[in-house]
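Got the viewer open? Set it to cartoon, keep the selection box handy, and we'll walk through this one stop by stop.

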Amino acid sequence: MTDSIAQQQMLYVRDEMSDAEIAEQADLYGPLTDSVRELIELALLTEVDGPEVRAAQEHLESAKQILRTRVNPGPYGVRWGASGQKRAWGNAAAGLRNAIAPPLVFNFDADGRAWTDFHLGSAYEGPAGLTHGGIAALVLDQALGSAAEAGGAPGMTGTLNLRYLRPTPLGALHAEARIDRVEGIKTIVTGQLSGPDGVCVEAEGIFILPRWARGGDSAKVSDPV
Ligand SMILES: CCCCCCCCCCCCCCCC(=O)SCCNC(=O)CCNC(=O)[C@H](O)C(C)(C)COP(=O)(O)OP(=O)(O)OC[C@H]1O[C@@H](n2cnc3c(N)ncnc32)[C@H](O)[C@@H]1OP(=O)(O)O
């Protein structure tokens, strides 16, 4: 096993955090993340004048100084509490503590289906007024990967094929995915990203349980929620 794979495995952690402690942390950090997300949008769109910009920046410097007094060296990794509740809070698409995540909040069913209704603001713009194609890929990768996991056949994205059918607007969007079939360690998943006028992007992905998570070592890290 290479060092980088060993390091990656160490970021899948079982800790003994209770559901109540997890809820407390979510109540504490969730609103902080929401504020930072709103700040990203405001930094992009504000039209206040120089003195106000500089004053706001000074406040931000103070906030950063408070937060950096105790910092996890990162990345956040994936953690499971005592009851098996999963926290992928650093996830770039869905992480509760990640302000660059839209965030996506998924519904699941155990047959391997995942779906989410969410909102993309101005920070996700690609072509003028439209969602960036890479962000559409991010959303679909997460939706398809989540469906594979919900169906008990998780994996890393091996292949992701996308077909952009029509421009994806910003604003209210819907993504959904379902397992098409499972072939041993490979899970084939299909999905769609839709806006108010219908399907914008179709996706098909192959999700592969990596070598290190098969067999002996997998019991430590691979139980999906
Ligand atoms: C704890 C459990 C961890 C699992 C994780 C769970 C995550 C649950 C999160 C939920 C939601 C996340 C959703 C976002 C998910 C990402 O963003 S993942 C990040 C992006 N993906 C990556 O970085 C993957 C990088 N690539 C790799 O790590 C490795 O190449 C792979 C894909 C794991 C495969 O490597 P491997 O395990 O050594 O595969 P190998 O044994 O050589 O081949 C196995 C089979 O797969 C086929 N195959 C290999 N590579 C590919 C490929 N790229 N395309 C198609 N087929 C392939 C082989 O042909 C072979 O087929 P058969 O001969 O058996 O028919």
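**Stop one: a pair of facing residues**

Select Thr157 and look across to strand 9, where its bridge partner is Phe207. Keep in mind as you go that this is a predicted model. Now widen the selection to the two strands: strand 6 and strand 9 pair in the antiparallel sense, over 8 bridges.

**Stop two: the other neighbour of strand 9**

Next, select residues 186-195 and 198-208. These are strand 8 and strand 9, and they pair over 10 bridges, antiparallel again. The two form a hairpin with 2 residues between them. Want some landmarks on it? Gly195 stands opposite Gly198 in strand 9, and Gln192 stands opposite Glu202, also in strand 9.

**Stop three: the whole sheet**

Which strands make up the full sheet, and in what order? Colour them and read across: it is an open sheet of 6 strands, running 4-5-7-8-9-6, with antiparallel pairing. At the edges sit strand 4 (107-109) and strand 6 (156-164), each pairing on one side only. Ignoring direction, neighbouring strands of this sheet are turned by 20° against each other on average.

**Stop four: the helix on the sheet**

Keep the sheet on screen and add helix 4, which packs on it. This helix touches strand 4, strand 5 (113-120), strand 6, strand 7 (171-183), strand 8 and strand 9. Its direction makes about 135° with that of strand 8.

Is helix 4 mostly covered or mostly open? Covered: 13 of its 18 residues are buried. Now try the distance tool on the C-alpha atoms at the two ends, residues 133 and 150; they are 25 Å apart. At 1.5 Å a residue, the 18 residues should span 26 Å, so the two values agree. Then step just past the helix to Gly152, which takes a positive phi of about 80°.

**Stop five: zoom out to the domains**

Finally, colour 1-103 and 104-225 separately: those are domain 1 and domain 2. Their centres, taken over C-alpha atoms, are 22 Å apart. Where they meet, domain 1 puts in 17 residues and domain 2 puts in 14. On the domain 1 side, the elements giving two or more residues are helix 1 (3-10) and helix 2 (19-45). Helix 2 gives the most, with 4 residues. Colour that side of domain 1 by residue type and you'll find 12 nonpolar, 3 polar and 2 charged residues.

Definitions and conventions. Residues numbered from 1 in each chain as written. Predicted model: local features only at pLDDT ≥ 70, side-chain atom pairs only at ≥ 80, totals over all residues. Domains from an automatic or database assignment. Contact = placed C-beta atoms within 7 Å. Nonpolar A, V, L, I, M, F, W, Y, C, P; charged D, E, K, R; others polar. Expected span 1.5 Å × (residues − 1). Buried ≥ 20, exposed ≤ 12 C-beta atoms within 10 Å, placed from the backbone. Pairing = 2+ DSSP bridges. Axes fitted to C-alpha atoms, helices over the stretch in contact; angles between N-to-C directions.
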